[in-house]
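Let's take a walk through this model together, starting with its sheet and then moving on to its helices and one loop residue.

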Amino acid sequence: MNYLSVENISKSYGERVLFRDISFGINAGQKIGFVAKNGTGKTSMLNILSGADTPDSGSVVYRKNVKVAFLSQEPDLDPKLSIEETIFSSDNHILTVISNYEKALLHPEDSEAYQRAFDAMDAHQAWDFETLYKQILFKLKLEDLSQKVSSLSGGQKKRLALTNALLAQPDLLIMDEPTNHLDLEMIEWLESFFSKENITLFMVTHDRYFLERVCNEIVELDEGKLYSYKGNYSYYLEKRDARIETEAINTAKAKQLYKSELEWMRRQPKARTTKSKSRIDDFQEIKSRAHQRRNDHEVELELNMERLGTKVVELHGISKSFGDKLLFDRFSYNFLRGERMGMIGKNGTGKSTFLNIVTGALKPDTGKVVIGETVHFGYYTQSGISIKEGQKVIDVVREYGDYIPLKKGRQISAQQLLERFLFDRKKQYDYVEKLSGGERKRLYLCTVLIRNPNFLILDEPTNDLDIVTLNVLENFLLDFPGCIVVVSHDRYFMDKIVDHLLVFKGDGVIDDFPGNYSDYRSYEDSATQARQLSESSTPKPKNNWKEDTSKARLSYNEQKEYAKLEKEIAKLESEREVLQNKFATEGWDGEEIDKQSQKLQEIIDRIDDKTERWFELSAKLEV
C-alpha cells in the first residue's frame, strides 16, 4: 500500500541546487533511513515531506486518510503546559476516541452511540492509553509528569515530542535525528520498539547501528541524485562502494574518450557538417562525464605532536560527591600512552565531572590527580563554541593557531584543516552566525585540533554530525598517536575508536571493562541470561496468595495486568449499568428478558473473576 508519492521534486536556494527531478514512494512496512551530507538537502527533504516547506517544482501526494507524524529536531511545545498536559493537548486521534467514550457513558440510554464508542476503544486499543504513555515517558526518563515544559532542557523537550509521536500510532512516522539526546539505554529501547511495531518510518539519523538494526531500506541523496538500497546499513555500504567504484571506472573511460574527442575537435575545420555538429554535441556530454569528481574527504595526517612521557595522567584514590549523591569513591587509574578509552553510563553518574577532574577544571573531594609535564589537553565539551558577532569561520580557527605541524617538517594550515572537515574555501569566509548546528560542531572540533593536543577528550562529539563528517573524524582519530577519551552514545563510533571502557554504574561504582561497547553488551546479556537461568532452575514452593503474608513484588507483566484489570473492571461495570438500565426502559418480552438476563449474568461473572484476580495482585503489593 502506497502511503506517499514524490514526483519530480526540485529544490534550490539562489544558485545552489539541492536536488532536481527526484521521485520516490514510501509504502506500508518500509523502514527507510535517509542518508546525505549536511547541507545537501536532508532537512529540506524532511520539511517538504512534513508539509513545512514546498518544492520549487513537482508534487508530494499522500494517500487519503493516511496518518502522519513528524518529529523535528527542535519541537514546538507550549511552555505553559506540564508534561502530562502536553500529552493530552496533542491532536492524537486516540484522545478523541477516549473523549467520545466518556461522553457515551454519560448517556447510557443511547445504546447505539455507546456501542460505537465502545467498539472504537477496542479498535484503537485505547483502554491502555494511560499505561502506554506512562511507560514511554518512564523509558525516556520523564517521570515527573507535573514538570512544566518551560523548565525542560532541549533534550527533554525532544523526548517529550518523541513520546507524542509514538502515542499517535501514525501510519507513517517521519523523524529528524530521533536518537539525539537519548542515552544508550533509551536508544536500545527505541530500537526494540520500532523492530516490534508495525509502523512505517522515514528518518534521518547519524546513528549507524540504529540504521543497521531498524531499517530495511537506505535511501541516499548524493550529488543531487537519489539512490535506493533494499537492505540495512551494512548492505548499503557494500553496494554504495560498488557503485562508486563503477562510477570511477566509467569516469576514467570518459576521460580517455574525452582526450581523443578533444583532439578531433581541435582538428576540425570551422565549417561543420550535420554529422560533425552531432558529434560536437556529444562531446559536451563526454566532457561533463570526464570532469565528474566525488567530493569525498579523507584525513590522513602524520601529526608531529609533543611526545607523551612515561607519566601521563594518574588518578590516586579520587572521590567526588554533590550533596548526598556519590559519583565515585576512592577511584584510582593510570592513563598510559596511546590510551583509547570510552566512557558509558546513565546521565548523572559522573562522567562529565570525572573529565573535569582529569583536566584540572574541578578538584576531587579526596585523592589527587598527577598530570605529566608533556601532557597537552584538547577538550571537546558539549557546550560547543561561543559565537562572536561578525566573526568569520577562518578567523575562529586562527584564534587558536595558524597550522598543525606534521612529520618531516611539513605542516597543515588552518585553511587546509577546515577543508578536511568539509569547509570549502568559500564557506571559510562565511559569518559564523550563519552556520547550522552541525557546522558549528565541526568548527568547534577544528578549534580543538588546531591546538595540536596529545591528550584528546571528546564529550559527545557525534551529536549533529552527519555520517560523512563522522567518517572523517573517525579516520582522523584512528591515526591519532596520543591518548583519546570518548563519551558518546554513538555505539558504532565507540566500537571503532576505543578498546576498553570505564562503565559508570552509579552510587560511586566505576568498572573498567576490557573491550568496546558491543563486547560489553554481549557480556552483560550473557550475564543476565545466566542469572535468569539460575533463578528459573531453583525450585520455589507454591504459595496460596490468600495465605501468603510475605512482601512480594509484581513482575513487569503483572504490573501491566494489574493496571489493565482496573480499566477492564470499570468497563464491565459500565456495561452492566447500561444493561441494567435497559431492563427498566426497554419493553422486552419474556424471551428477550431471559436472553438479556443471561448476558447480564455473564458480565457479572466476568467482573467477579477479574475482581478476584485484582485482589490477588493487590495482596502481593501489600506491605
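## The sheet and its surroundings

In this predicted model, six strands form an open sheet in the order β5-β6-β7-β3-β8-β9, and the pairing is mixed. At the edges stand β5 (68–71) and β9 (225–229); each has a single partner strand, so one side of each is left without a neighbour in the sheet. From one strand to the next, the twist averages 15 degrees.

Strand β3 is a good place to look next. Five of the five residues of β3 (residues 31–35) are buried, so this strand is largely enclosed by the rest of the structure. Lys31, Gly33 and Val35 point one way from β3, while Ile32 and Phe34 point the other way, and all are buried. That fits a general rule: in a regular strand the side chains alternate between the two faces of the sheet.

What joins β3 to β7 and to β8? Three bridges join β3 to strand β7 (residues 200–204), and these two strands run parallel. Four bridges join β3 to strand β8 (residues 217–222), again with the strands running parallel. You can follow the register residue by residue: Ile32 has Phe202 as its bridge partner in β7, and Ile32 stands opposite Glu217 in β8. For Gly33, the bridge partner in β7 is Met203.

## Two helix packings

Now for the helices. Two packed helices are described by the angle between their axes and the distance between the axes. The table sets out these values for two pairs that involve helix α6.

| Helix pair | Angle between axes | Axis distance |
|---|---|---|
| α6 (residues 154–167) and α7 (residues 184–196) | roughly 15 degrees | within 14 Å |
| α5 (residues 129–139) and α6 | about 145 degrees | 10 Å |

With a crossing at roughly 15 degrees, α6 and α7 are therefore roughly parallel to each other, since angles under 35 degrees count as such. α6 passes α7 in a left-handed crossing. On the α6 side, the contact is made by Arg159, Leu162 and Leu166, and on the α7 side by Met186, Trp189, Leu190, Phe193 and Phe194. Sorted by character, the residues of this contact of α6 with α7 are seven nonpolar, no polar and one charged.

The crossing of α5 and α6, on the other hand, is right-handed. Here Phe129, Leu132, Tyr133, Ile136 and Leu137 in α5 meet Leu160, Thr163, Leu166 and Leu167 in α6. The residues of this contact of α5 with α6 divide into eight nonpolar, one polar and no charged. Leu166 of α6 is worth a second glance, as it takes part in the contact with α7 and also in the contact with α5.

## A loop residue beside α6

Where is Ser90 found? Ser90 lies in the loop between α2 (83–88) and α3 (93–105). Is Ser90 buried or exposed? Ser90 has a relative accessible area of 22%, so Ser90 is partly exposed, given that buried means under 20%.

Leaving aside residues up to four places away in sequence, Ser90 touches Leu95 and Asn164. Another link reaches across the chain: the C-alpha atoms of Ser90 and Ala168 are separated by 8.8 Å, although these residues are 78 residues apart along the chain.

Conventions: Residues are numbered from 1 along each chain as its sequence is written. This is a predicted model: local features need pLDDT of at least 70, side-chain atom pairs count only at pLDDT 80 or more; totals for chains, interfaces and linings use all residues. Side-chain values use heavy atoms; hydrogens and water are left out. Buried means under 20% relative accessible area, exposed over 50%, partly exposed in between (1.4 Å probe, protein chains only). Two strands pair if DSSP finds at least two bridges between them. Axes are lines fitted to C-alpha atoms, for helices over the stretch in contact, and angles run from 0 to 180 degrees between N-to-C directions. Angles under 35 degrees count as roughly parallel, over 145 as roughly antiparallel, 65 to 115 as roughly perpendicular and the rest as oblique. A crossing is left-handed if the near helix is turned anticlockwise from the far one by less than a right angle, and right-handed if clockwise. Contact means heavy atoms within 4.5 Å. Ala, Val, Leu, Ile, Met, Phe, Trp, Tyr, Cys and Pro count as nonpolar, Asp, Glu, Lys and Arg as charged, and the others, Gly among them, as polar.
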